[in-house]
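Me: I would like to go through this model term by term and check each word against its cut-off. Please set the value beside the definition each time.

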Amino acid sequence: MHPKQEEFEEKLSQLCADLDNRLEDRYGKLFPIHPNRPKRGEAAYPGFDGLFSTSVAFSLGIGSQYGRGYLMNIDIRTLEHVDEGVMTEVFNEALVFVNNSLPVYFPDRELKLIKDGKVLKIIGDFSLGDVY
């Protein structure tokens, strides 16, 4: 992988960690965590412990009106039923937080988080610029 791509994805990973911490702060007491999952702060990365697990994965966007982008996965790790209204609230919180954070992490890029069907996706400028 090109070093600029690695740097870009490392920043995305940090943004996910910050989102995970934000969601834990706001909603972390809403449900009991899955019994096999470490408590918040016990793992090396925030997405691996606590109630929430956040990550991104690149998608070519086949079948999407927005095309390629990074899908933002937000999972609530519990055995309890999670009401659709709660998921909608969590997604809306993520939309606001990430869209406010993207210009901080990527000041020279036009990026935004959108709802693409039932998933959240970061779209925009993924160019590497001068790769030499």
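Me: What makes a stretch of this chain a helix or a strand, and how many of each are there?
Reply: The chain has two helices and four strands. A helix is a DSSP run of H or I with at least four residues, a strand is a run of E with at least two, and numbering starts at the N terminus. Read from that end, the order is α-β-β-α-β-β. The model is predicted, with local features needing pLDDT of at least 70 and side-chain atom pairs counting only at pLDDT 80 or more, while totals for chains, interfaces and linings use all residues. Residues are numbered from 1 along each chain as its sequence is written, and side-chain values use heavy atoms, with hydrogens and water left out.

Me: Why is the chain called as compact as a globular protein of that length?
Reply: The radius of gyration, taken over C-alpha atoms, is set against the globule rule, which is 2.2 Å times the number of residues to the power 0.38. For 132 residues the rule gives 14 Å and the chain has 15 Å, which is close, so the wording holds. Along the principal axes, the C-alpha atoms fill a box of roughly 50 × 30 × 25 Å.

Me: How do you know which strands pair with β2?
Reply: Two strands pair if DSSP finds at least two bridges between them. Strand β2 (residues 69–76) and strand β4 (residues 119–124) have three bridges, and β1 and β2 are joined by eight. Both values meet the cut-off of at least two bridges, so β2 pairs with β4 and with β1. Each of these pairings is antiparallel. Y70 shows both sides: Y70 is the bridge partner of F58 and also stands opposite I122 in β4.

Me: Which strands are called edge strands?
Reply: The four strands form an open sheet in the order β1-β2-β4-β3. Its edge strands are β1 (52–59) and β3 (111–116), each of which pairs on one side only. Neighbouring strands are turned by 30° against each other on average, direction ignored. For such angles, axes are lines fitted to C-alpha atoms, for helices over the stretch in contact, and angles between N-to-C directions run from 0 to 180 degrees.

Me: What joins β3 to β4?
Reply: Six bridges do, in the antiparallel sense. One of the pairs puts K112 opposite I123 in β4. The two strands form a hairpin with two residues between them, and G117 in the turn has a positive phi of about 70°.

Me: Which strands does helix α1 touch?
Reply: Contact means heavy atoms within 4.5 Å. Helix α1 (residues 3–27) packs on the sheet and touches β1, β2, β3 and β4, with its direction at about 150° to that of β1. Helix α2 (residues 84–105) also lies across β1, β2, β3 and β4, and runs at about 160° to β3.

Me: Why is V98 called buried?
Reply: Buried means under 20% relative accessible area, exposed means over 50%, and partly exposed is in between (1.4 Å probe, protein chains only). V98 has 0%, so it counts as buried. V98 lies in helix α2. Leaving aside neighbours within four places in sequence, V98 is in contact with L15, L19, M72 and L113. Across the chain, buried residues make up 41% of the 132 residues.

Me: What makes a set of residues a nonpolar core, and which members touch the most others here?
Reply: The set must consist of buried Ala, Val, Leu, Ile, Met, Phe, Trp, Tyr and Cys residues joined through side-chain atoms within 4.5 Å. The largest one has 31 residues, of which M72, I74 and I122 touch the most other members. α1, β2, α2, β3 and β4 each supply at least two residues, and α2 gives the most, with nine. Beyond four places in sequence, the residues that I74 touches include L19, L23, F52, M87 and L120. In soluble globular proteins, nonpolar side chains tend to be buried together.
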